[in-house]
Every structure is written in C-alpha cells, then in structure tokens.
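Have the sequence and the 3D view open while reading. The text goes through some helix pairs and then through the surroundings of two ligands.

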Amino acid sequence: MKTYLVTGGAGFIGSNFIHYMFKKYDNDIRIINLDVLTYAGNLENLEDIEGRENYTFVKADIRDKEAVRKVFENNEIDYVVNFAAESHVDRSIENPEIFVETNVLGTLVMLNEAKRAWEKEDGSYKEGCRFLHVSTDEVYGSLNNLTDYFYETTPYDPHSPYSASKASSDFLVKSYVDTYKFPAFITNCSNNYGPYQFPEKLIPLIINNALKGEKLPVYGDGKNVRDWLYVEDHAKGIDMVINGGRIGEKYNIGGHNEKQNIEIIHIILDTLNELLDDSDPRKKNVSEELITFVTDRKGHDRRYAIAPDKIKAELGWEPETMFSEGIKKTVKWYLENEKWFKGVTSGDYQKYYDKMYTGR
Ligand code: NAD
Ligand code: DAU
C-alpha cells in the first residue's frame, strides 16, 4: 500500500485530488494531508472522507522543518504531492512576501525533508519514492501570437510575484533533480475550475456575485485568454505522472480549451439561467447588466495556452470533460452548496473583496 503525503490538500485542487484518489484506489492507498489551513484551506472540502482509516489530516506549515520532518519520521512516505502554495495572482500583487515564503521556502523545506527521509548512504533513494511538484502554466509568461503554445521547453518568463515564486520553486525542484538525482517531477497546469474553488478566482466569484445580483468585475477589456481544465482531469494527470512518469521530467497539463474572460462570464450567466428554476428567487438577480469593466490587473498576462502533447504521448492523458459539461457540473455544484459558499465568504472574505474591488 502506497502512502501519499499531500500538501495543501484542504485547498481547491488538493481536495479534489484527494477525492479523486480515494474514488479510484479506495482502501489501496493511504493519504496524509498536511495543510496549515490559510484562508484558502477548508476542511469542509473533505468532510465526507474525514472518517476513513486510510486518511490522516496534519495541521502544519510546509515552512516548518520540524513539523514536516516529524511526518516523515512517523510514516513511511512513498509519494509527496506538493500542492501547498499561495495561489492568487491579485493577492501576490498586494503582498508578495508570503508568496516567496510559502511557495519558495516552503517547497525547499519539502524537498529537503523528503530527500533526508529517502536518501540512502550511497546517495541513491529508497525504491519507488517520488516527489511531484504541482506548478502552473503562468511560469511561461504570456502569449501574444494566437498560434503559439506553451511547451515544456518554452523558456520561463514569469510576470507576477505569484508566477515568479512558482518559477523559483520549479527551478529548486529541477536543481534537486540535476544535483542530487532526486526523484521528482514537475507538472505545469492551466487554469482549473470545478467544485471547492475559493471565490476570489474568476469562475466562482462570478457565480457568487451573479446569484447575489452584485457587479461582475471584468478586468481590462475582458479579452484575456485562459485555457480552462476541469479539476478532475488535472487530478487524473497528476496520478498518471506520479505513477508512470519519467523521473526528472516536467509535464504540461491543459485542456485545449481557450476562452476569453468575457466569454466565460456569458457562459456562466447562460448556465445559471438554464439551471435555476423560475421559482428560485436567485434567478431574478442573474443579469448581463451586472457585467462591469474595471481597472485592469497590473501586469495582466494576455493569453495562456498549454500544449499537452508530451503527457498525451507518454502517458495517454487527455482531458475527459468538455467545457460545456464541466461548467454545467460546476455551476450546479455551487447552486447545491450554498452553505459552502456562505461558509467561505464569511469571515475575512468581505474585507478582502472591499479592498480589491471598491472604487476599482
Ligand atoms: P488554493 O489556494 O485553493 O489552496 C492552497 C492550499 O494550500 C490551501 O489549503 C492552504 O491552506 C494551503 N497552504 C497555503 N500555505 C501553506 C503552508 N505554508 N503550509 C501548508 N499548507 C499551506 O490553491 P489551488 O488553486 O488548489 O492550487 C494548488 C496548487 O496548484 C498551487 O501550487 C497552485 O500554484 C497550483 N496550480 C493552481 C491552478 C489553478 O487554476 N488553481 C492551476 C495550476 C497550478
Ligand atoms: O493558469 C494557472 C493559474 O490560474 C494558477 O496558477 C493560479 O493559481 C490561478 O489562480 C489561475 O490564475 P489566473 O490569474 O489566470 O486566475 P483568476 O481566476 O484570478 O483570473 C482568471 C482571469 O480572469 C484573469 O485573466 C483575470 C480575470 N479576472 C479575474 C478576477 C478574479 C477578472 O476579469 N475579474 C476578476 O474579478
């Protein structure tokens, strides 16, 4: 039985990954979820698996060397999947420091502690141990030409403090592979969407605001392009890489599903109108008139587009969920989980929202 140490498992993608893995492997794996529970971490995302004997939650910070070491000392960890990060570009523009601390120094701690636990006297590593670092397509920068794509060989050109911190962490992982022959992979994925995404990110923010009849803020001209992937397809890709990828390699993961932000907003409004019953009081709030163009994000990358050719050729990965199906599933999930929305938007969310959007 393999033991996975998943960091950041209480966040959006991490919790979807844990759900995916238990659905696929049930009692044949063990998962330890190490998460410090920042504003983005929420144990409600994992309520239904809390009682499993093959699941353990550890509240700890990836920057805390002693705490991470204890987890390695007390458990035979086979695989590390490193999701834990500060993940929101707008927050990184406001406060870059925590991005460097968590994303760069935290990743360094994870690398060092895994290396310490797995390295044998001769410098080789315990059989089968693997470290997968979850990264992003934003490290490649921005594409201007519509026929260009990000490949694994595309030079890094990050623009935001967030993407610069992720690029730095990728370079650290690569340096451990090159210097110590450390058994790691890097995956660079495009924009994810699906259940449990914190409503600071475009799709859940638009759904939340539309249901409340609040403005739908569109940065700049709304024509920036993102390449959207249903989160379960990302989870499937990570599983395939850690269980079959070539050590030391990096793999791009993306949905071949490029859309302008303004298109995404129209699709969400159409989907809400389709799914909401006429008798539902929230339906009267949903209106195109809420769309409001606001001051652009500083340094806003124009277009991201991933070429997932390598993961397809080597591992047979392909996105399974068409956007039309995925967005319907996603909107439906948020409609049915209003309590979750309310939970995550209570507390400091309103303060964050006012700071970022008032007078913009
Ligand atoms: P998220 O913000 O929803 O979740 C991050 C999780 O990490 C939270 O549970 C948080 O509590 C935890 N965390 C933060 N700092 C920590 C620390 N110091 N120690 C332990 N835990 C900590 O993020 P997400 O959207 O799920 O992204 C997960 C990973 O995937 C990130 O590394 C991100 O860069 C990468 N990624 C995200 C996307 C996307 O579209 N969301 C796409 C590609 C890659
Ligand atoms: O590409 C992968 C990345 O995708 C991940 O690495 C990041 O963790 C994740 O947050 C995401 O980054 P983006 O900046 O692309 O996602 P976000 O949802 O913040 O914004 C998507 C697009 O929508 C972007 O062009 C900015 C725009 N936007 C966003 C918000 C929150 C708006 O127009 N209005 C908004 O209110």
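A crossing of two helices is called right-handed if the near helix is turned clockwise from the far one by less than a right angle, and left-handed if the turn is anticlockwise. The model shown here is a predicted one. In it, the crossing of α1 and α7 is right-handed.

The same two helices can be described by their angle and distance. Helix α7 covers residues 231-244, and α1 packs against it at an angle of about 65°, with the two axes 9 Å apart. Angles of 65 to 115 degrees count as roughly perpendicular, so α1 is roughly perpendicular to α7.

A second pair to find is α4 and α5. Helix α4 runs over residues 97-118 and helix α5 over residues 161-180; their axes are 8 Å apart and the packing angle is about 20°. Angles under 35 degrees count as roughly parallel, and α4 and α5 are therefore roughly parallel to each other. The way α4 passes α5 is again a right-handed crossing.

The third pair is α6 and α8, the latter being residues 261-275. Their axes come within 10 Å and cross at roughly 45°. That angle makes α6 oblique to α8. Here too the crossing, of α6 past α8, is right-handed.

Now turn to ligand 1. Which residues come nearest to ligand 1? Of the 29 residues around it, these are Ile13, Asp35, Ser87, Tyr162 and Lys166. Two of the five also make polar contacts through their side chains. A polar side-chain atom of serine 87 is 2.7 Å from an oxygen atom of ligand 1, and for tyrosine 162 an N or O atom of the side chain is 2.6 Å from a ligand oxygen. Threonine 38 takes part with its backbone instead: one of its backbone N or O atoms lies 3.0 Å from an oxygen atom of ligand 1. On its own, ligand 1 has 840 Å² of accessible area, and the protein covers 96% of this.

Some of the helices already described return in this shell. The elements α1 (12-25), β5 (130-136) and α5 each supply at least two residues of the shell around ligand 1. The largest share, three residues, comes from β5. Sorted by class, the shell has 14 nonpolar, 11 polar and four charged residues.

Ligand 2 can be read in the same order. It has 24 residues around it, and the nearest are Thr136, Asp137, Tyr162, Arg297 and His300. Tyr162 is thus among the nearest residues of ligand 1 and among those of ligand 2.

What part of arginine 297 lies 2.6 Å from an oxygen atom of ligand 2? It is an N or O atom in the side chain. Two other residues come to ligand 2 with polar backbone atoms: leucine 202 at 2.8 Å from a ligand oxygen, and tyrosine 219 at 2.9 Å from one. Taken alone, ligand 2 exposes 690 Å², of which the protein buries 95%.

Two elements give two or more residues to the shell around ligand 2, namely α6 (202-212) and β8 (216-219). The largest share, three residues, comes from β8. By class, this shell holds 10 nonpolar, eight polar and six charged residues.

Definitions and conventions. Residues numbered from 1 in each chain as written. Chains lettered and ligands numbered in written order. Predicted model: local features only at pLDDT ≥ 70, side-chain atom pairs only at ≥ 80, totals over all residues. Heavy atoms only, no water. Near = heavy atom within 4 Å. Polar contact = N/O pair within 3.5 Å; in protein donor to acceptor, adjacent residues only side chain to side chain. Areas by Shrake-Rupley, 256 points an atom, 1.4 Å probe, with all protein chains shown as cover. Helix = DSSP H or I, 4+ residues; strand = E, 2+ residues; numbered from the N terminus. Nonpolar A, V, L, I, M, F, W, Y, C, P; charged D, E, K, R; others polar. Axes fitted to C-alpha atoms, helices over the stretch in contact; angles between N-to-C directions. Parallel < 35°, antiparallel > 145°, perpendicular 65-115°, else oblique.
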